[in-house]
Amino acid sequence: MDTGRRALWQEEPATRRRMADPVRTAAVRAVIIVALTLILAMVAFLSTLAGAWLAFPAVLCTVAGTIVATWAVLDVWVTRQVWVQRNGVQSQPSSTARELRRERRQARRQERRASRDGRSRVDSAAA
């Protein structure tokens, strides 16, 4: 029973590949830590304006949270660099590069065959 309406949800192909699991985990952790640090900063600011006793501990926690958040963001960057270094960047060569590699591979195979055939003739003549 088609009503002629557009679908509410439409699947679209992803424009970018997914992040690697360790990088995504570090990124989620960093976002959560940064969000909590921002909440702490807001509590410290509002407590300071209100003159509440919570202002000083909140400021101390905000300073510590800023250090931890900086560390978490750096962790995302380092984790990404390590992952790329260990697993490499997956790239697809252009058709030209692929063709050149194919030609070099064929030339090497022919050289090996020629050297094998030359050796086998010499060996059989010596025997």
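Reader: How many salt bridges does the count come to here?

Author: Keep in mind that this is a predicted model. The rule asks for a Lys or Arg side-chain nitrogen within 4 Å of a carboxyl oxygen of Asp or Glu. By that rule, the count comes to three salt bridges.

Reader: Which residue forms a salt bridge with R18, and how far apart are the closest N and O atoms?

Author: R18 counts as exposed, because its relative accessibility is 68% and the cut-off for exposed is over 50%. The partner of R18 in the salt bridge is D21, with the closest N and O atoms at 4.0 Å.

Reader: And R24, which side chain does that one meet in a salt bridge?

Author: R24 is partly exposed, with a relative accessible area of 23%. R24 and its partner both lie in helix α1, three residues apart, which is about one turn of the helix. The N to O distance is 2.2 Å, and the partner is D21.

Reader: OK, what about R29: which parts does its pair with D75 tie together?

Author: The side chains of R29 and D75 meet in a salt bridge at 2.9 Å, N to O. R29 is in helix α1 and D75 is in helix α2, residues 55-87, so the pair ties together parts 46 residues apart in sequence: α1 and α2.

Reader: Are R29 and D75 buried, exposed or partly exposed?

Author: Buried would need under 20% relative accessible area, and exposed over 50%. R29 has 40%, while D75 has 25%. That puts R29 in the partly exposed class, and D75 also counts as partly exposed.

Reader: Which residues are joined into one network by salt bridges that share partners?

Author: D21 pairs with R18, and D21 also meets R24. Sharing partners in this way joins one network, made of R18, D21 and R24.

Reader: How do α1 and α2 run relative to each other, roughly parallel or roughly antiparallel?

Author: Their axes come within 8 Å and cross at roughly 160°. Angles over 145 degrees count as roughly antiparallel, so α1 is, relative to α2, roughly antiparallel.

Reader: Is that crossing of α1 and α2 left-handed or right-handed?

Author: We already have the crossing angle, roughly 160°. As for the hand, the crossing of α1 and α2 is left-handed.

Reader: Last one: what area does the nonpolar surface patch with I39 have?

Author: I39 sits in helix α1, residues 21-50, and counts as exposed because its relative accessibility is 52%. The other residues making the patch are V28, I32, L36, V43, W53 and L54. Its area is about 710 Å².

Conventions:
Residues numbered from 1 in each chain as written. Predicted model: local features only at pLDDT ≥ 70, side-chain atom pairs only at ≥ 80, totals over all residues. Heavy atoms only, no water. Patch = residues over 30% accessible without salt bridge, like charges linked within 9 Å, V, L, I, M, F, W, Y side chains within 5 Å. Areas by Shrake-Rupley, 256 points an atom, 1.4 Å probe, with all protein chains shown as cover. Helix = DSSP H or I, 4+ residues; strand = E, 2+ residues; numbered from the N terminus. Buried < 20%, exposed > 50% of the residue type's maximum accessible area, 1.4 Å probe, protein only. Axes fitted to C-alpha atoms, helices over the stretch in contact; angles between N-to-C directions. Parallel < 35°, antiparallel > 145°, perpendicular 65-115°, else oblique. Left-handed = near helix turned anticlockwise from the far one by under 90°.
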